[in-house]
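Trainee: I keep using these structural terms without checking what stands behind them. Could we go through one model and ask why each label applies?

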Amino acid sequence: MTDRSVCVFCGARPGARPAYAAAAAATGAMLARNGWRLVYGAGDVGLMGEVARAAMAEGGDTMGVIPIHLLAREQGRRDLARFVVTENMHERKKVMYMNSDAIVVLPGGAGSLDEFFEVLTWRQLGLHAKPILLLDTEGFWQPLTGLLDHVVAEGFAEESLLGYVGRVADVDTLEAVLREAFS
C-alpha cells in the first residue's frame with residue numbers, strides 16, 4: 001500500500017460511448033490495485049459512479065467531495081471511506097486538489113473542463129507541480145489538446161504549458177505514467 005492519492009475529474013453522465021464507462025471502471029480498479037486513494041466528486045452517477053464502484057469493489061480507499069447543492073442531483077455516495085460535503089463548487093475543487101498527488105481527467109463535460117483548466121492554470125502559475133493526465137479514451141481529448149496547441153501558437157501561453165499536460169491512450173499507460181510519477 002502507498003499513501004498516494006489520485007484526483008479523478010470526470011463526467012456525471014456516462015457519455016455516448018460504452019468505452020468511456022469501461023475506461024472509468026478500469027481506472028477505479030487500477031487505482032485500488034495500486035493502493036492509491038481515489039479522490040473524486042462523490043457522485044454515484046455517470047463516469048463518477050463507475051470509477052468509485054470499481055475502486056470500492058477492489059477494496060480501494062475512496063474520498064468523495066461534493067457540494068451541498070449537488071447531493072441529490074449526483075446521488076452522493078455516503079459509503080465512501082471519506083465523504084466531504086462542501087459549501088460550493090470552488091471549495092469542492094480546492095479540497096479535491098489539496099488531497100491528491102496527481103490529477104487524472106476522464107471524458108466529461110463543462111464541469112470536468114472547468115476542473116481541468118483550474119488545475120492547469122495553477123500549474124502554469126507555479127502553484128503546484130502535480131502531474132495532470134488526460135485519459136484520451138477513443139480520442140476524446142484530441143480537440144482539447146488541439147486547442148491548447150492553438151493557444152500557444154497564437155501567443156496566449158508559453159510553450160511550457162503543453163508540457164504540463166500528459167495525454168495517455170489507455171488505463172495501462174495511465175498506470176505506468178502514475179507509477180513513474182510516484183517513484
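Mentor: Sure, let's take the labels one by one, bearing in mind that this is a predicted model.

Trainee: Start with the sheet. What makes it open, and in what order do the strands come?

Mentor: Seven strands line up as β4-β3-β2-β1-β5-β6-β7, with parallel pairing, and they form an open sheet. The edges are β4 (82-86) and β7 (165-168), each of which pairs on one side only. From one strand to the next the twist averages 20 degrees.

Trainee: How do you know that β1 pairs with β2, and how many bridges join them?

Mentor: The cut-off for pairing is at least two bridges between two strands. β1 and β2 run parallel and are joined by three bridges, so they count as paired by that cut-off. One example is Cys7, whose bridge partner in β2 is Val39.

Trainee: And on the β5 side, how many bridges join β1 to β5?

Mentor: Four bridges, again with the strands running parallel. You can follow the register: Val6 is opposite Ala102, Val8 is opposite Val104, and Phe9 is opposite Val105. β5 then pairs with β6 in the parallel sense over three bridges, with Val105 opposite Leu134.

Trainee: Why is β1 called largely enclosed?

Mentor: Buried means under 20% relative accessible area. Five of the five residues of β1 (residues 5-9) are buried, so the strand is largely enclosed by the rest of the structure. Ser5, Cys7 and Phe9 point one way and Val6 and Val8 the other, all of them buried.

Trainee: Which way do the β5 side chains point, and are they buried or exposed?

Mentor: Ala102 and Val104 point one way, Ile103 and Val105 the other, and all are buried. That fits the usual pattern: in a regular strand the side chains alternate between the two faces of the sheet.

Trainee: Now the helices. What makes a β-α-β unit here, and what is its handedness?

Mentor: β1, α1 and β2 make one, and it is right-handed. β5, α4 (residues 110-124) and β6 make a right-handed unit too.

Trainee: Where do α2 and α4 sit on the sheet?

Mentor: α2 packs on the sheet and touches β1, β2 and β3 (62-67), its direction making about 160 degrees with that of β2. α4 lies across β1, β5, β6 and β7 and runs at about 150 degrees to β6.

Trainee: How do you know that α1 and α2 meet, and which residues are involved?

Mentor: Contact needs heavy atoms within 4.5 Å. On the α1 side the residues are Tyr20, Ala21, Ala24, Ala25, Gly28, Ala29 and Ala32, and they meet Leu47, Glu50, Val51, Ala54 and Ala55 in α2. By class, that contact has ten nonpolar, one polar and one charged residues. The axes come within 7 Å and cross at roughly 35 degrees, in a right-handed crossing.

Trainee: Last one. What makes Ala42 and Glu138 stand out in their phi values?

Mentor: Most residues other than glycine have a negative phi. Ala42 has a positive phi near 70 degrees, and Glu138 has a positive phi near 50 degrees. Ala42 is in the loop between β2 (37-40) and α2 (46-57), while Glu138 is in the loop between β6 (132-135) and α5 (142-153).

Trainee: And why does Ala42 count as buried?

Mentor: Its relative accessibility is 0%, and the cut-off is under 20%, so Ala42 counts as buried.

Definitions and conventions
Residues numbered from 1 in each chain as written. Predicted model: local features only at pLDDT ≥ 70, side-chain atom pairs only at ≥ 80, totals over all residues. Heavy atoms only, no water. Helix = DSSP H or I, 4+ residues; strand = E, 2+ residues; numbered from the N terminus. Buried < 20%, exposed > 50% of the residue type's maximum accessible area, 1.4 Å probe, protein only. Axes fitted to C-alpha atoms, helices over the stretch in contact; angles between N-to-C directions. Left-handed = near helix turned anticlockwise from the far one by under 90°. Nonpolar A, V, L, I, M, F, W, Y, C, P; charged D, E, K, R; others polar. Right-handed = clockwise from strand over helix to strand, strands pointing away.
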